[in-house]
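Reader: Please take one chain and look closely at the faces through which its parts, and its neighbour, touch it. A single connected account would suit me better than a list.

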Amino acid sequence: MIRFELVTLGGVKFGEDVYEVLLPTLEGQIGVMPGHMPLISVATHGVIGVRRKASDKDDMIEYYATNGGVIEVANDVLRVLVDEADNADDINEQEAQKAFDYAHKLKLEAKDQVSLEHAQGMIDRQSVRLQVAGLKRRHR
Amino acid sequence: MANTIVLKRRIGSVKNTKQITKAMELVAASKMRRAQEFAQHGRAYREAAYSLLTRLSAITEVNDHPLFVKRNIKTRLYVVITSNRGLAGSYNSNVIRLLAKAIIEDNKSGVKSQIIAIGKQAAQFARRLEGVDLVAAYDGYGDQPTSNDVRPLLSSLSEMYADKKVDDVQILYTEFKSNIVQIAKSLSLLPARFEATENVDSLAQVTFEPSVAEVLDSVTERLLEVQLWQALLESLASEHSMRMMAMKSATDNASDLIDDLTLAFNTARQSAITQELAEITGGAEAMK
């Protein structure tokens, strides 16, 4: 088992021993399992998946939407430092869809670089949330 | 009789005021509890970011990073955290006094000052200042800020520092010591400071993806973010706590005022009755 700690600005969201964690990094998705070599990497916005036991099927994976951070693996402890991580259960798909559409509208209306970046950030965030909500629905 | 009517009306209006201040006190109290709780959550994040940076410093020269480099200070930027609304005791004035003092100091030493205001109160003050740039004014972040709120501010701060538009960034906020004690404080955000406190096991075998530099960028960003976040949340907790205290004393004052007015009202009523009685008996005497 590997200890998985999910640390966000809003507190520690997850801190348990698990079998496998799937993480989105700049270089693509990686899976971290017990005995992983020491690694420090940068996470991007994407979906974090947690498989608690080896016998868990794909539809039992827990998903979190995240918007980027730092990953550290050492001595069978995986610490992920992200601004925020939303559990699939906490995401309302309709709301996320609304926010996603709104962000697109903002992007079209953006006049300067700053508001454009802000809108793009919102789009990235909401698209990940939508993705996570979709994953959950599919497995139901 | 005219006197008692006036007094009665005043008692009524003070009672109304008391109800309002009492309600505001309760609202502030519940918001304060939530903000306090929130402020504590960030601690784990900061510790994790710090420990990562400590380990990074063992293999790379952290202090060469653009956000860590110290320069001669020509322009200093203040990020001033205040509330949107007043009626919070000395919450806003404490921070603004600190800002005024710092600007006077800067003037003496020939440093240009710039301001980024968070909350309407700071923006109002900064607009009236001469010779000081108000770079941006944010409208406050509500009662539950999210990391998405601070991100644009943080990225513009880092950019300004890396582009050498500013040489020093200070956050002026209110530190939440306890429910009773809150202190306006200045925290220096940039250049980022970091001292390796302990010796750590070598990172020689650790793989960095995509590169050490990019990991360092990301960790630094997170460290700054958590500092700004912490300042924001502590200010929020302080604001609510000071508003609660201010409203509590307003409620107490209203109670005192009601007591005084009731006493005056009773005296006036009694003297009116006495006078009336005297008039009646006087009238009856005359009829005999």
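Author: A salt bridge here is a side-chain nitrogen of Lys or Arg within 4 Å of a carboxyl oxygen of Asp or Glu. The model is predicted, so local features need pLDDT of at least 70 and side-chain atom pairs pLDDT 80 or more, while totals for chains, interfaces and linings use all residues. Residues are numbered from 1 along each chain as its sequence is written, chains are lettered from A and ligands numbered from 1 in the order written, and side-chain values use heavy atoms, without hydrogens and water.

Chain A is divided into domain 1 (2–88) and domain 2 (92–139), with bounds from an automatic or database domain assignment. Over C-alpha atoms, the centres of these domains lie 22 Å apart. Twelve residues of domain 1 and nine residues of domain 2 make the contact, which means heavy atoms within 4.5 Å. About 980 Å² is buried between the two domains, 68% of it from carbon and sulfur atoms; buried area is the accessible area (1.4 Å probe) that two parts lose on being put together, summed over both.

Two salt bridges cross this domain interface. Asp86(A) and Arg129(A) form a salt bridge, with 2.6 Å between the closest N and O atoms. Two residue pairs are in polar contact between the domains, both at pLDDT 80 or more. On the domain 1 side, strands S5 (39–51) and S6 (62–74) of chain A each supply at least two residues, and S6(A) gives the largest share, four residues. Helices (H or I, at least four residues) and strands (E, at least two) are DSSP runs, numbered from the N terminus. A polar contact is a pair of N or O atoms within 3.5 Å; within protein, one must be able to donate a hydrogen and the other to accept it, and residues adjacent in sequence count only if both atoms are side-chain atoms.

The other face of interest is towards chain B, where 27 residues of chain A touch 28 residues of chain B. Together they bury about 2400 Å², 62% on carbon and sulfur atoms. Of the area that chain A buries here, Leu9(A), Ile40(A) and Leu81(A) supply 29%, more than any other three residues. The rule finds two salt bridges between the chains; Asp83(A) meets Arg151(B) in a salt bridge at 2.6 Å, N to O. Chain A's side draws two or more residues from each of S1, S2, S5, S6, S7 and helix H2 (113–138), and S6(A) again gives the largest share, five residues.
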